[in-house]
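The following explanation leads the reader through a single structure, from its accessible surface to its overall composition. Please keep the sequence and the model in view while reading.

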Amino acid sequence: MSGREQLQTQLTEEVNVKGTENVILACINKSVPRLVYTSTFNVVFGGQSIKKGDESMPYLPHVAAGQAYFVADPAPIDNFQFFRPFIEGLGYKFPSFRVPLFFVYFMSYLTEWLHFLIRPIYNFQPLLTRAEVYKTGVTHYFSIDKAKKELGYEPKPYTMQEVVEWYRTRGYGKKVKKTKGPSVLWNVVAFVVLVVAVLAWVPVVVGLAL
């Protein structure tokens, strides 16, 4: 979950914990022998820096039975560089202004409190939450050695080009303003004619040298 849904702790608990429990009970009732449960790195990431973490890390939620595998890209990549081809592919300039992490975190903290206070009146969508600031601004990446060794997992290369094309075909992206060549040319011609007319009207002053 993200945004305002992330701030609704009761709903988050019902969807993630109770919802998973319902799936497990359904599997038991139908004698399903195995269940693959897909989650995110947030089960072990709580805002701390993690470099090449593995499946032995302690969980923040409940601990599931069975085997856990981290499945990700072959090498870590900066979040901003990951999205750069997407932003520029849609015709926008990639931001270059940097803001300190602590300042963004503090602003997201104030935004969460503001959301909490006025949510009964207006349930607005926060621009950022503290969890999202951590996920974007704090280094955390994981080893996929276990998945490669035991599952034969091999990530394939990818580009953002297909994603960019998908969005462009649906009307997203910066609109390119078409230059009107003939109109600009006629404006120049009109300006020249006006200058000539003014010069023709102004009386000629002949200077005499003494």
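A residue is called buried when its relative accessible area is under 20%, exposed when that area is over 50%, and partly exposed in between. The model discussed here is predicted. By this standard F103, at 42% relative accessibility, counts as partly exposed. F103 lies in helix α3, a helix that covers residues 101–118.

F103 also belongs to a nonpolar surface patch of about 1200 Å². Other residues that make this patch include F97, V99, F102, F106 and M107, and Y109, L110, W113, F116 and L117 contribute to it as well.

Charged side chains come next. Side chains of opposite charge can pair when their charged atoms come close. How many salt bridges does the structure hold? There are four, and three of them are described here.

In one of them, the side chains of R4 and E5 meet with an N to O distance of 3.6 Å. R4 counts as partly exposed, because its relative accessibility of 25% falls between the two limits. E5 is likewise partly exposed, with a relative accessible area of 30%.

Another salt bridge joins K18 to E21, with the closest N and O atoms 3.8 Å apart. Both residues belong to helix α1, which spans residues 9–29; because they are three residues apart there, about one helical turn separates them. K18 is partly exposed at 43% relative accessibility, and E21 is partly exposed with a relative accessible area of 37%.

A further salt bridge links R130 and E112, whose closest N and O atoms are 2.9 Å apart. R130 lies in helix α4 (residues 130–137) and E112 in helix α3, so the pair ties together parts that are 18 residues apart in sequence. Which partner is buried and which is partly exposed? E112 is buried, because its relative accessible area of 12% is under 20%. R130, at 27% relative accessibility, counts as partly exposed.

These details can now be placed within the whole chain. The secondary structure of the protein chain comes to seven helices and two strands. Read from the N terminus, the elements follow the order α-β-α-α-α-β-α-α-α. Of the 210 residues in the protein chain, 17% are buried. The protein chain exposes about 17200 Å², and carbon and sulfur atoms supply 64% of that area. Finally, among contacts between residues at least 6 apart in sequence, 67% join residues at least 24 apart.

Technical notes
Residues numbered from 1 in each chain as written. Predicted model: local features only at pLDDT ≥ 70, side-chain atom pairs only at ≥ 80, totals over all residues. Heavy atoms only, no water. Buried < 20%, exposed > 50% of the residue type's maximum accessible area, 1.4 Å probe, protein only. Helix = DSSP H or I, 4+ residues; strand = E, 2+ residues; numbered from the N terminus. Patch = residues over 30% accessible without salt bridge, like charges linked within 9 Å, V, L, I, M, F, W, Y side chains within 5 Å. Areas by Shrake-Rupley, 256 points an atom, 1.4 Å probe, with all protein chains shown as cover. Contact = heavy atoms within 4.5 Å.
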